[in-house]
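Let's take a friendly walk through this model, strand by strand and then on to a helix. Keep the viewer open as you read.

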Amino acid sequence: MTSHADRLPALAATLALFFFAGVGAAAYPERPIRLVVPYPPGASTNDILGRGLAVRLSARLGQQVVVDNRAGASGTLGSELVAKAAPDGYTLLVAIASPLSLGPSVYPKLGYDSIRDFAHIARVASIPYAMVVNLSFPATSVKELIALAKAKPGHINYASSGTGGSPHLCGELFKLQAGIDMTHIPYKGAGIATIDVVGGQVQMFCTGLTALTGLIKSGKVRALGLASLKRSPQMPELPTISEQGLPDFEVTSWSGVVAPAKTPPAIVRRLHAEITAIVNDADMRNFLLSQGAEPALMGPEEFRDYIKADIAKWAKVIKAANIKIE
């Protein structure tokens, strides 16, 4: 039988652990924080929003938040890196729909679990998708695009930022609902795909409005429709795809912040509080709106449950399109 005296050292060690954990959380952050963006730098929704958040988070935390672009496999490589990082609050992920909501159905051997392997901190924004075409492409509306695709099955090419990502799924959902056939051209990132759409190497692209706003407003691409159920306040003249004959067509991405699972709750609470203050500030809200995104705050539990529901929603589309990457 263990005596009272024998239990004292173990009790002291436990109390010391709690004491130092509390001190560490209270002093957090004591060094720069790495914010992993699982896509290439440049004209992508995720990079733009990630950098906007990093600048503002640095100012509030008093430590530099360094953006680390880790691209590959539609965001799953960078996401896996964070899932396996030390849970100390110094490695965070710009969480995105493609790797966290689509990845579980696209990659049978995914190296992380979107729910179990992350501490969900906050959803930051919702990003409606838009469908654009090269200026030389004859279609000026979604109806005209569908008519051209039906006249020449498989002749129209559409770009994506990588197989299994949200832009790919936007094209597949469009094909399913419109009853057409188009050819998928996957790229290693939205920035490269965008360049080729502008240059005419590929004809159509469906991606986050954040990455397309500048190109649409400067007249470098032609926008055919918005993949949301309501028009964007930043582009009220752009009709939705749903309005143009495909009822309930909706592809809306999201952006948030997660950390590795087992990150101390005190650090998660601190980061959630700071991100909430940032998104509620007019400066960040105006930045998001100017980029075609909408502020869409969620707390840790609500964000986790939202991702669960999003996984289930897209699993049906991925199965119907028969998309699998071994």
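S126 stands opposite E294, a residue of strand β10. The two strands involved here are β4 and β10 (residues 294-298), which run antiparallel and are joined by three bridges. S126 has a second partner as well: W254 in β9 stands opposite S126. Please bear in mind that this is a predicted model, so every pairing described here is read from predicted coordinates.

**Strand β4 and its partners**

Strand β4 covers residues 118-133. How many of the residues of β4 are buried? The count is 16 of 16. Besides β10, strand β4 pairs with β9, with β7 and with β8. The table sets these partners side by side, each with a residue pair to look up in your viewer.

| Partner of β4 | Residues | Sense | Bridges | Facing pair |
|---|---|---|---|---|
| β7 | 204-208 | antiparallel | five | A130 and T207 |
| β8 | 222-226 | antiparallel | four | V133 and R222 |
| β9 | 252-260 | antiparallel | nine | S126 and W254 |
| β10 | 294-298 | antiparallel | three | S126 and E294 |

If you want to trace these pairings on screen, A130 is a handy place to begin, with T207 of β7 opposite. From there, move along to V133, whose bridge partner in β8 is R222.

**Helix α2**

Now for a helix. α2 spans residues 45-61, which makes 17 residues. From its first C-alpha to its last, α2 reaches 24 Å, close to the 24 Å expected at 1.5 Å a residue.

Is α2 mostly covered or mostly uncovered? Mostly covered, with 12 of its 17 residues buried. At the start of the helix, T45, N46 and D47 are among the buried residues. Further along, the buried set includes L49, L53, L57 and L61, together with the glycines G50 and G52. A54, R56 and S58 belong to the buried set too. Right after α2 comes G62, with a positive phi near 75°.

**How far to trust the coordinates**

The mean pLDDT of the chain is 90, and 91% of its residues reach 70 or more. Where does the pLDDT fall below 50? One such stretch is residues 1-5, which has one contact in the model beyond near neighbours in sequence. Over residues 7-24 the pLDDT also stays under 50, and the model has one contact for this stretch beyond four places in sequence. If you are preparing this model for a calculation, those are the two stretches to note.

Note on methods
Residues are numbered from 1 along each chain as its sequence is written. This is a predicted model: local features need pLDDT of at least 70, side-chain atom pairs count only at pLDDT 80 or more; totals for chains, interfaces and linings use all residues. Side-chain values use heavy atoms; hydrogens and water are left out. pLDDT is the predictor's confidence in each residue, from 0 to 100. Contact means heavy atoms within 4.5 Å. The expected span of a helix is 1.5 Å times one less than its number of residues. Buried means under 20% relative accessible area, exposed over 50%, partly exposed in between (1.4 Å probe, protein chains only). Two strands pair if DSSP finds at least two bridges between them.
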